[in-house]
Amino acid sequence: MKEPNAMSFHVKYKPEDFMPANEEEKQSQVIMRESVGFWQDGFRRLRKNKVAMVSLFVIIVVMIFSFIVPAFYPYDYKTQIKGSENLHPMQYSEKEIERMDAGEKVFPHVLGTDKMGRDYAIRVMMGSRISLLVGLIATAIIFVIGSLIGSISAFFGGWVDLIIMRIVDIIYTIPDFLLIVLLSFALKDPLANLAQLPGFGWMQIVGSNLISIFIVFALLYWVGMARMVRSQILTLKENDYVMAAKALGAKDGRIIKKHLLTNCIGTLIVTTTLQIPSSIFTESYLSFLGMGVAVPLPSLGSLASDAINGMITFPYLLFAPCLLISLIILSFNLFGDGLRDAFDPKLKN
């Protein structure tokens with residue numbers, strides 16, 4: 001049997017097949033894709049997360065409710081209105097009804113009043129403001145201290161890393177609530193004396209308990225952030241751009257700030273966002289136990305604690321701060337999860 005000749009299978013080409021491609025043919029072969037950076041890609045993924053977007057909307061509404069609305073609200077959180085004790089929501093006292101009958105405009109008590117005749121809605125607003133401020137300030141303290149110590153530990157390594165990590169292990173064993181109680185008693189008199197000096201009057205308003213909470217956050221709560229930053233930088237410091245920066249004579253501080261922390265900022269943002277609800281819950285829990293803000297400044301935890309005794313008669317006094325605490329913590333947690341899904345490179349498809 002005769003074997004087929006390879007030349008018999010040649011493809012017949014036309015002369016025009018060898019002509020240069022025109023612009024239309026060139027464009028048909030190009031697959032266009034928009035070039036996006038790390039932040040653009042992260043925010044694009046975040047916008048697609050409906051749960052995270054709803055959580056962000058709730059957080060913004062709570063912020064407006066806590067920081068903007070009180071400026072226009074007709075009542076003050078510490079003003080006691082005589083004859084308006086224990087009013088139910090949207091209820092008026094007898095004197096207020098008389099004023100309304102006389103043609104005077106009286107704004108209703110949206111959430112009623114407490115046993116001292118103070119408008120409860122404004123106290124809930126101010127309580128959420130205090131809880132949010134404590135959570136945000138405490139988280140900022142944790143972020144600064146944790147990222148600084150964690151980056152130093154990982155970058156220098158050796159005995160520096162060994163000593164810092166052993167200190168972290170020791171700090172993990174310290175009971176934070178006990179330390180807050182001890183600091184509150186130890187700082188009460190010194191802070192009271194310091195509050196008498198010009199410029200330190202704010203210490204008397206917030207009280208020694210709240211200052212003790214901030215001190216404990218600075219002393220103890222940064223260890224989780226430090227460990228996370230350390231694990232990230234241990235990997236990043238082996239990259240070529242770090243070696244090149246060292247070869248060019250860049251100082252250690254500049255390398256940590258410009259090259260290492262900058263490249264793990266996405267993870268830092270996610271971890272910081274998830275730390276906010278934890279700080280808010282800690283403050284609310286301590287305020288519920290009576291170790292939070294000083295009277296008459298309200299906190300969501302202290303409002304819930306005051307409403308416990310009248311839970312059967314005035315349940316709305318308990319439900320309002322408890323529901324707001326739950327809403328704030330849930331929203332920050334869900335938003336933090338959305339940030340993690342958007343900015344964590346390990347979770348990208």
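**Exercise 1. The nonpolar surface patch**

Task: In this predicted model, find which helix gives the most to the nonpolar patch.

Solution. Begin with the members: Phe177, Phe281, Tyr285, Phe288, Leu289, Ile308, Met311 and Ile312 form a nonpolar surface patch of about 760 Å². Next, place one of them: Phe281 belongs to helix α13. The helix sought is α13, which gives three residues, the most to the patch.

**Exercise 2. Overall make-up of the chain**

Task: State how many helices and strands the chain has, and describe its burial, contacts and exposed surface.

Solution. Step one is the count: 15 helices and zero strands. Step two is burial: of the 349 residues in the chain, 40% are buried. Step three takes the contacts with a separation of 6 or more; 74% of them join residues 24 or more positions apart. Step four is the surface: the chain exposes about 21000 Å², and 65% of that comes from carbon and sulfur atoms.

**Exercise 3. The nonpolar cores**

Task: Identify which residues touch the most other members of the largest nonpolar core, and which helix gives the most to this core.

Solution. The largest nonpolar core holds 52 residues, and those touching the most other members are Ile122, Leu210, Val229, Leu260, Leu261 and Leu268. Helices that each supply at least two residues of this core include α6 (120–156), α9 (202–220), α12 (252–263) and α13 (265–288). The most comes from α6, with 10 residues. Now take Leu260 alone: leaving out residues up to four places away in sequence, Leu260 touches Phe155, Ile233, Leu236, Lys237, Val242 and Ile255. Another core, of 29 residues, lies apart from the largest one; Ile59, Val62, Ile280 and Ala304 are among its members. As a general point, nonpolar side chains in soluble globular proteins tend to be buried together.

**Exercise 4. Helix α10**

Task: Compare the span of α10 with the expected value and list its buried residues.

Solution. Helix α10 has 14 residues, and the expected span at 1.5 Å a residue is 20 Å. From first C-alpha to last, α10 reaches 20 Å, close to that expectation. Its buried residues include Val223, Met225, Ala226, Met228, Val229, Ile233 and Leu236.

**Exercise 5. Arg45**

Task: Decide why Arg45 is classed as partly exposed, and find how far Arg45 is from Leu339.

Solution. Arg45 sits in helix α2 (residues 38–48). Its relative accessible area is 25%. Buried requires under 20% and exposed requires over 50%, so Arg45 is partly exposed. Arg45 and Leu339 are 294 residues apart in sequence, while their C-alpha atoms are 8.9 Å apart in space.

Technical notes. Residues are numbered from 1 along each chain as its sequence is written. This is a predicted model: local features need pLDDT of at least 70, side-chain atom pairs count only at pLDDT 80 or more; totals for chains, interfaces and linings use all residues. Side-chain values use heavy atoms; hydrogens and water are left out. Helices (H or I, at least four residues) and strands (E, at least two) are DSSP runs, numbered from the N terminus. Buried means under 20% relative accessible area, exposed over 50%, partly exposed in between (1.4 Å probe, protein chains only). Contact means heavy atoms within 4.5 Å. Accessible areas come from the Shrake-Rupley method with a 1.4 Å probe; for residues, only the protein chains shown count as cover. A nonpolar core is a set of buried Ala, Val, Leu, Ile, Met, Phe, Trp, Tyr and Cys residues joined through side-chain atoms within 4.5 Å. The expected span of a helix is 1.5 Å times one less than its number of residues. Patches are made of residues with over 30% relative accessible area and no salt bridge: like charges are joined within 9 Å, nonpolar side chains (Val, Leu, Ile, Met, Phe, Trp, Tyr) within 5 Å. A salt bridge is a side-chain nitrogen of Lys or Arg within 4 Å of a carboxyl oxygen of Asp or Glu.
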